[in-house]
Amino acid sequence: MKITHLIAAVSVVPFFVPTAFSEEQDWSGLYTGVIVGGKFGHSTDRTGAFGYNADDKAWRYDESGFTAGGEMGYNFPVRQIVIGPQVELGYLGLVGSGAQPDSPGGDTQGRSSADLYTALRGRVGVPLDRNLFFATAGLLGANYKKRVVDDCNLAPCGGSTIDAQRKDFAWGFTVGAGVERWLGHGFTIKFEYLYFSLNAQHFDGTTNLGNTYQWSAETSGHILRGGFNYHF
């Protein structure tokens with residue numbers, strides 16, 4: 001969280017500093033740039049109908065991490081607003097873990113992580129002075145790994161062990177808003193907030209005793225980040 005707060009503070013400073021350029025702002029056309037920020041949220045694991053330690057029961061744990069990437073988009077002017085698509089690709093440093101409350105001695109843990117991500121979003125903006133206030137929504141996908149681990153079978157732990165995991169590219173949705181400020185000569189800086197939620201993913205595993213169990217896992221969270229763009 002400290003990294004997220006620092007990035008947010010640094011990103012908003014330029015919005016309160018007068019620009020050195022007096023040129024007219026043209027928000028239309030192609031733009032590209034870099035984005036960096038922090039992510040925080042939670043993951044939820046749920047056992048199957050005949051579940052490991054508990055039947056059809058969920059537990060939740062926190063996740064956080066660092067995110068960075070590149071983006072490219074195009075703005076179309078429509079009367080007093082600009083609209084357009086935006087695509088981004090980068091790293092989503094999502095990491096979290098938490099013990100299953102129903103496990104003996106807390107020996108069973110849910111774990112989640114993500115690395116590569118991409119987003120395909122639409123953006124609607126309203127220019128005001130040197131600022132562009134915008135809202136955005138679309139799809140977000142991440143290389144998402146979910147795992148349930150029980151590696152203890154001695155008291156006070158239970159008598160079985162398991163390592164169930166799956167990694168694949170999970171899709172979901174994202175919505176958010178932000179503001180972009182024109183610095184001059186095509187350069188802009190922005191600050192934005194995004195909420196995202198990935199669709200539930202299902203996976204299973206087999207214990208050392210030969211019994212197979214199923215889980216579902218899903219994650220959602222918040223992204224705070226700044227960006228630096230160039231408008232062609």
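**Antiparallel pairing around strands E7, E9 and E1**

In this predicted model, strand E7 and strand E9, the latter spanning residues 212-231, pair in the antiparallel sense over 11 bridges. Within this pairing, Glu 192 stands opposite Arg 225 in E9. Strand E7, which comprises residues 187-198, is mostly covered, with nine of its 12 residues being buried.

Strand E7 also pairs with strand E6 (residues 162-184), again in the antiparallel sense, and 12 bridges are found between these two strands. Glu 192 in E7 recurs in this second pairing, where the residue standing opposite is Gly 178, so that line of residues continues from Gly 178 to Glu 192 and from Glu 192 to Arg 225 in E9. The strands E6 and E7 form a hairpin with two residues between them, and in this hairpin His 185 takes a positive phi near 55°.

Strand E9, described above as a partner of E7, is joined to strand E1 as well, through 17 bridges between strands that run antiparallel. In this pairing, Arg 46 stands opposite Ser 216 in E9. Strand E1, which covers residues 29-47, is further joined by 18 bridges to strand E2 (residues 58-78), and these two strands likewise run antiparallel. Gly 38 stands opposite Phe 66 in E2.

Taken together, the pairings can be followed from E6 to E7, from E7 to E9, from E9 to E1 and from E1 to E2, each of them being antiparallel.

Note on methods. Residues are numbered from 1 along each chain as its sequence is written. This is a predicted model: local features need pLDDT of at least 70, side-chain atom pairs count only at pLDDT 80 or more; totals for chains, interfaces and linings use all residues. Side-chain values use heavy atoms; hydrogens and water are left out. Buried means under 20% relative accessible area, exposed over 50%, partly exposed in between (1.4 Å probe, protein chains only). Helices (H or I, at least four residues) and strands (E, at least two) are DSSP runs, numbered from the N terminus. Two strands pair if DSSP finds at least two bridges between them.
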